[in-house]
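Colleague: Before I go to the bench, I would like a close look at a single part of this model, with its surroundings described afterwards as far as they can be. Please take it slowly, and tell me what each judgement rests on.

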Amino acid sequence: MPQHASAFLLAIEGGDGAGKATAAAGVAAQLNAAGRTATVLSFPRYTHTLGGHVLGDYLAGRLPHTASPRAMATLYALDRLESAAVIAAAAAAHEVVVFDRYIASNMAYQAAQVPADDARDLMAWIARLEVDQFGLPVPDLSVYLDTPADIARTLILQKRSRSYTDDALDAYEADFALQTRVRTNYALMAAAGLLGRWATVPTIAAGSLRSPLEIATMIVDRLDDARPDR
Ligand SMILES: Nc1ncnc2c1ncn2[C@@H]1O[C@H](COP(=O)(O)OP(=O)(O)O)[C@@H](O)[C@H]1O
Ligand SMILES: Cc1cn([C@H]2C[C@H](O)[C@@H](COP(=O)(O)OP(=O)(O)O)O2)c(=O)[nH]c1=O
């Protein structure tokens with residue numbers, strides 16, 4: 001198996017229904033077709049980790065009470081900590097590891113649950129927890145898929161059924177105001193370069209959704225901009 005000690009870590013980020021899973025799969029397919037080995041890791045890993053199982057129960061509304069944003073952030077971070085060996089193995093065996101959500105999701109979503117004035121502090125707290133304390137790698141590039149909330153909602157409702165809930169919308173997806181704050185947080189993180197380098201990819205052009213192929217191509221172009229020597 002080829003070893004790529006310095007695999008490029010590409011995080012696909014955005015709100016629910018922004019098209020992340022589709023884009024992540026498309027990017028990996030394009031890279032693999034070009035002979036550049038790539039794999040996708042999706043977070044949360046609901047069925048693989050203890051943290052993921054608990055999160056699935058929470059998102060499906062099966063837990064008896066709400067948890068604080070810091071407690072929730074810790075569960076999501078635990079899911080990644082439990083996956084550290086899987087991340088390392090993927091990075092050792094591929095040139096590019098594509099994350100379908102990563103640490104920035106925790107920052108965007110949990111900071112959307114606190115007053116706006118406290119959002120930056122919570123984002124910094126999560127980055128310290130995951131990177132400094134848990135030792136998780138910072139991505140080489142995070143791509144923010146900028147999909148307007150109304151389009152994203154339509155896409156969510158088209159989505160296949162999920163492992164942790166039979167509902168069409170999970171607890172976060174059903175909260176439209178939350179999705180708007182999440183988008184604001186992503187824009188802030190991308191502008192400030194929190195958690196490393198960012199590129200924003202608008203999924204809408206002239207009022208219509210770009211094709212999955214076009215979106216994947218735009219992301220691969222950003223990846224090559226970030227790593228011009230490869
Ligand atoms: N560019 C696109 N054009 C048309 N449909 C799309 C596009 N991207 C995603 N979809 C569809 O929208 C739904 C949500 O996409 P998905 O990639 O699962 O989003 P996310 O992972 O961000 O929640 C899926 O049914 C998917 O097939
Ligand atoms: C990975 C991650 C997700 N989230 C949130 C974003 C989503 O609203 C929710 C579920 O993630 P997601 O995998 O996008 O759910 P789905 O299976 O519906 O695509 O968890 C965090 O708050 N922190 C995290 O670290």
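Modeller: A residue is called buried here when its relative accessible area is under 20%, exposed when that area is over 50%, and partly exposed in between. Please keep in mind throughout that this is a predicted model.

The part I would choose is helix α7, which runs over residues 149-158 and whose buried residues are Ala149, Ala152 and Ile156. Seen around the axis, these buried residues span an arc of only 55°, and they therefore sit on the same side of α7. What they pack against is α8, the helix of residues 176-192. On the face of α7 that is turned away from this buried side, one finds the exposed residues Leu157 and Gln158.

If we follow the chain from α8, we come to the loop between α8 and β5 (198-202), where leucine 195 has its place. Phi of leucine 195 is near 60°, which is a positive value in a residue other than glycine. Because its relative accessibility is 11%, leucine 195 counts as buried.

A comparable entry in the backbone is arginine 101, in the loop between β3 (96-100) and α5. Here phi is near 75°, again a positive value in a residue that is not glycine. With a relative accessibility of 12%, arginine 101 is therefore counted as buried, its charged side chain notwithstanding.

Helix α5, which covers residues 103-110, packs with helix α3 (residues 69-81) at an angle of about 170°, and the two axes are 10 Å apart. Since angles over 145 degrees count as roughly antiparallel, α3 and α5 are described as roughly antiparallel to each other. Their crossing is right-handed. From α3, the contact draws on Pro69, Met72, Ala73, Tyr76, Ala77 and Arg80, while α5 contributes Ile103, Asn106 and Gln110. By class, the residues of this contact comprise 6 nonpolar, 2 polar and 1 charged.

One further backbone detail deserves mention, namely the cis peptide bond that joins phenylalanine 43 and proline 44, with omega at about 0°. Proline 44 belongs to the loop between β2 (38-42) and α2 (50-59).

To return to the part you asked about, α7 has Ala149, Ala152 and Ile156 as its buried residues, and the exposed Leu157 and Gln158 are on the face turned away from them.

Definitions and conventions
Residues are numbered from 1 along each chain as its sequence is written. Chains are lettered from A and ligands numbered from 1 in the order in which they are written. This is a predicted model: local features need pLDDT of at least 70, side-chain atom pairs count only at pLDDT 80 or more; totals for chains, interfaces and linings use all residues. Side-chain values use heavy atoms; hydrogens and water are left out. Axes are lines fitted to C-alpha atoms, for helices over the stretch in contact, and angles run from 0 to 180 degrees between N-to-C directions. Helices (H or I, at least four residues) and strands (E, at least two) are DSSP runs, numbered from the N terminus. Angles under 35 degrees count as roughly parallel, over 145 as roughly antiparallel, 65 to 115 as roughly perpendicular and the rest as oblique. A crossing is left-handed if the near helix is turned anticlockwise from the far one by less than a right angle, and right-handed if clockwise. Contact means heavy atoms within 4.5 Å. Buried means under 20% relative accessible area, exposed over 50%, partly exposed in between (1.4 Å probe, protein chains only). The arc is that of the directions from the helix axis to the C-beta atoms.
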